[in-house]
Amino acid sequence: MSEDRNSAVGEQPTSQPTKAAKRPTRESVTSGRSAKASKGSAKKAGASVKTSGASGRTVGAAVGPGKSGKPESHLAMVRRARRINRELAEVYPYAHPELDFRNPFELLVATVLSAQTTDLRVNQTTPALFAAYPTPEDMAAAVPEELEEVIRPTGFFRAKTRSLIGLSAALRDNFGGEVPGRLADLVTLPGVGRKTANVVLGNAFGVPGITVDTHFGRLVRRWKWTEQEDPEKVEAEIAAIFPKSEWTMLSHRVVFHGRRICHARRPACGACPIAPLCPSYGEGETDPEKARKLLKYEMGGQPGQRLSPPPDYPGKPAQALGAG
């Protein structure tokens, strides 16, 4: 659900780090702040805050997980994965779905629109869409050509129009005009698969789910949590690593990290707070100063993707379509 979500997933790794290369400690991404100051300002700056334990050590010549020549055991991988999740929870305490919505129907529609485009473009498009078609009954009765014009900025507007009218009619006819809160029901709607269903369940109904979008898939493979490519198999393997209560927030944290630091083509390894835990450290820029220039959204001091972000979001709201 981001601009590089739909870029080529098969990144071309650059050279591996030499033995002399140093991985950044978590506090090194705070741009010179002390660890104590970082802890007090995490929500303002989006910086990492914890510096105790292994995450606060300078790794130096030490090789990362899986690079010592000794295969990592499954138990060690699970412990490392859970450690990464804890670290990301401190780096992104404000992680959230990056689609603007006010109710389950709006989230469902926005998630369908987010395919093959950015969440920002969806958020810039949906205010006019929901003003014209606020309910499933309204959208089911839409004139296709008129709906196409409204959602045209999101791309693939003809196929998306068919999905939106179809799912709205199904909600009207089969579910009393309400979005169902069960996975089995949601995936019967036109244009709705497991990824979309899990987004809706986790964020509109509080039902835990793992959302395997392009960001999530490439990061969990980069971190060696799974080797699977099929989203459903990825979902199953990751679900076995983490408690169910963590699934929704884990999804947000991983996607946030993929959009802001661990990019597809040029990850900012030198500014990454979980570098000591990453077996793929060195695929991207390891120089701290150069890496910091690669940071995106609030981590890089720029607006996020939501026009109406949550109150605790430390970045700037995005601008409406045509603004500026």
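Me: Contact means heavy atoms within 4.5 Å of each other. With that in mind, which residues does S251 touch, once residues up to four places away in sequence are not counted?
Reply: In this predicted model, S251 touches G209, I210, T211 and F216, not counting residues up to four places away in sequence, and by the definition each of these has heavy atoms within 4.5 Å of S251. S251 itself is found in helix 13.

Me: Why is S251 called buried?
Reply: The relative accessible area of S251 is 3%, and the word buried is used for values under 20%, so S251 counts as buried.

Me: What makes the pair of S251 and W247 a polar contact?
Reply: The side chain of S251 reaches the backbone oxygen of W247 at 3.0 Å, and a polar contact needs a pair of N or O atoms within 3.5 Å, so the distance of 3.0 Å falls within the cut-off.

Me: Where is T211, one of the residues that S251 touches, and why is T211 called buried?
Reply: T211 is found in the loop between helix 10 and helix 11, and its relative accessible area is 8%. That value lies under 20%, therefore T211 is buried. Leaving out residues up to four places away in sequence, T211 touches K195, N198, V199, F216 and S251.

Me: What makes helix 10 a mostly covered helix?
Reply: Helix 10 spans residues 194–204, and 8 of its 11 residues are buried. The buried ones are T196, A197, N198, V199, V200, L201, G202 and N203, which means that each of them has a relative accessible area under 20%. What covers these buried residues includes helix 4, helix 9, helix 12 and helix 13. Just after helix 10, G206 takes a positive phi of about 70 degrees.

Me: Why is F156 called exposed, and where is F156 found?
Reply: F156 has a relative accessible area of 58%, and exposed means over 50%, so F156 is exposed. F156 is found in the loop between helix 7 and helix 8, and its phi is near 50 degrees, a positive value in a residue other than glycine.

Me: Is Y297 called buried or exposed, and why?
Reply: The relative accessibility of Y297 is 10%, which is under the cut-off of 20%, so Y297 counts as buried. Y297 has its place in the segment after helix 14, and its phi, near 55 degrees, is likewise a positive value in a residue other than glycine.

Me: What makes a group of residues in this structure a nonpolar core, and which residues touch the most other members of the largest one?
Reply: The members must be buried residues of the nonpolar kinds named for a core, joined through side-chain atoms within 4.5 Å. The largest nonpolar core has 43 residues, and of these Y92, F216, W223, W225, I238, I241 and F242 touch the most other members; as core members they are buried, which means that each is under 20% relative accessible area. Helix 3, helix 11, helix 12 and helix 13 are the elements that give two or more residues to this core, and the largest share, 6 residues, comes from helix 3. A second, separate core of 30 residues includes A142, F157, L164 and V192. In soluble globular proteins, nonpolar side chains tend to be buried together.

Me: Which residues is W225 in contact with, leaving aside its neighbours within four places in sequence?
Reply: W225 is in contact with M77, R80, A81, I84, V220, E237, I238, I241, F242 and L250. Of these, I238, I241 and F242 are also among the core residues that touch the most other members.

Me: How do you know how helix 5 and helix 7 are placed against each other, and what kinds of residues meet there?
Reply: Two packed helices are described by the angle between their axes and the distance between the axes. Helix 5 and helix 7 pack at an angle of about 145 degrees, with their axes 9 Å apart. T125, A128 and L129 in helix 5 meet L147, V150 and I151 in helix 7, and the residues of this contact divide into 5 nonpolar, 1 polar and no charged. Thr is not listed as nonpolar or charged, so T125 is the polar one.

Me: Where does the predictor's confidence stay under 50?
Reply: The protein chain averages a pLDDT of 85, yet pLDDT stays under 50 over residues 1–20 and over residues 30–63.

Definitions and conventions. Residues numbered from 1 in each chain as written. Predicted model: local features only at pLDDT ≥ 70, side-chain atom pairs only at ≥ 80, totals over all residues. Heavy atoms only, no water. Buried < 20%, exposed > 50% of the residue type's maximum accessible area, 1.4 Å probe, protein only. Helix = DSSP H or I, 4+ residues; strand = E, 2+ residues; numbered from the N terminus. pLDDT = per-residue confidence, 0-100. Polar contact = N/O pair within 3.5 Å; in protein donor to acceptor, adjacent residues only side chain to side chain. Axes fitted to C-alpha atoms, helices over the stretch in contact; angles between N-to-C directions.
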